[in-house]
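Me: Please take me through this model with care, one question at a time. I would like each cut-off stated where its term comes up.

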Amino acid sequence: MTKLYVGNLPFSATDQSVRDIFAKHGAVDKVSLITDRDTGRPRGFGFVEMSNADASRAMQALNGTDLDGRALKVNEAQERERSGGDRGPRRY
């Protein structure tokens, strides 16, 4: 499986609309659109998981294409370094 980063998504995008776009290029295993933790609003990016060959095809076909007036950015997701997780006591 390959995880693709999908950036510059319009805020109107849904899991299903993104799945439909990528499904034209192969089988989509999982779609995860990222929302703001505090407000619940979309952040304009997400991730799509597909088989390696399908992901490569989708990346080439969809990177830079227009979706509701926004040029999609599609590339292979990079693992993010975790920052240890200990941020001290939470203040309220």
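Reply: Buried means under 20% relative accessible area, exposed means over 50%, and partly exposed lies in between, with a 1.4 Å probe and protein chains only. This is a predicted model, in which local features need pLDDT of at least 70 and side-chain atom pairs count only at pLDDT 80 or more, whereas totals for chains, interfaces and linings use all residues. Residues are numbered from 1 along each chain as its sequence is written, and side-chain values use heavy atoms, with hydrogens and water left out.

Me: Which pattern does the protein chain follow when read along the sequence?
Reply: Helices (H or I, at least four residues) and strands (E, at least two) are taken as DSSP runs and numbered from the N terminus. On that basis the protein chain has 2 helices and 6 strands. Read from start to end, their order is β-α-β-β-α-β-β-β.

Me: What share of the contacts in the protein chain with a separation of 6 or more comes from residues 24 or more positions apart?
Reply: A contact here means heavy atoms within 4.5 Å. Tyr5 in strand β1 illustrates such reach, since its C-alpha atom and that of Val74, 69 residues away along the chain, are separated by 5.7 Å. Across the protein chain, among contacts with a separation of 6 or more, residues 24 or more positions apart account for 63%.

Me: Which residues form one aromatic cluster?
Reply: Rings of Phe, Tyr and Trp (its six-membered ring) pair if their centres lie within 6.5 Å, and planes under 30 degrees apart count as stacked, over 60 as edge-to-face and the rest as tilted. The count by this rule is 3 aromatic pairs; one of them is the edge-to-face pair of Tyr5 and Phe47, at 6.1 Å centre to centre with 65 degrees between the planes, which links strand β1 (residues 2–7) to strand β3 (residues 42–50) over 42 residues. Phe45 and Phe47 also pair edge-to-face, at 6.2 Å and 85 degrees. One aromatic cluster is thus made up of Tyr5, Phe45 and Phe47.

Me: How far from the ring centre of Phe47 does the charged end of Lys3 sit?
Reply: A charge sits over a ring if NZ of Lys or CZ of Arg is within 6 Å of the ring centre and within 35 degrees of the ring normal. Phe47 itself is partly exposed, at 21% relative accessibility. The charged end of Lys3 lies over this ring, and its distance from the centre is 5.3 Å.

Me: Is Asp54 buried or exposed?
Reply: A salt bridge is a side-chain nitrogen of Lys or Arg within 4 Å of a carboxyl oxygen of Asp or Glu, and a search of the whole structure finds 1. Arg57 and Asp54 form a salt bridge, with the closest N and O atoms 2.3 Å apart, and the two residues are separated by about one helical turn because they stand 3 residues apart in helix α2 (residues 52–62). Arg57 is partly exposed at 45%. Asp54, by contrast, has 12% relative accessibility and therefore counts as buried.

Me: Which side chain of opposite charge is nearest to Glu49?
Reply: For this purpose Lys and Arg count as positive and Asp and Glu as negative, while His and the chain ends are not counted. Glu49, in strand β3, is buried yet has no salt bridge. Beyond its neighbours within four places in sequence, its contacts include Met1, Thr2 and Val28. The nearest side chain of opposite charge, 4.3 Å away, is that of Lys3.
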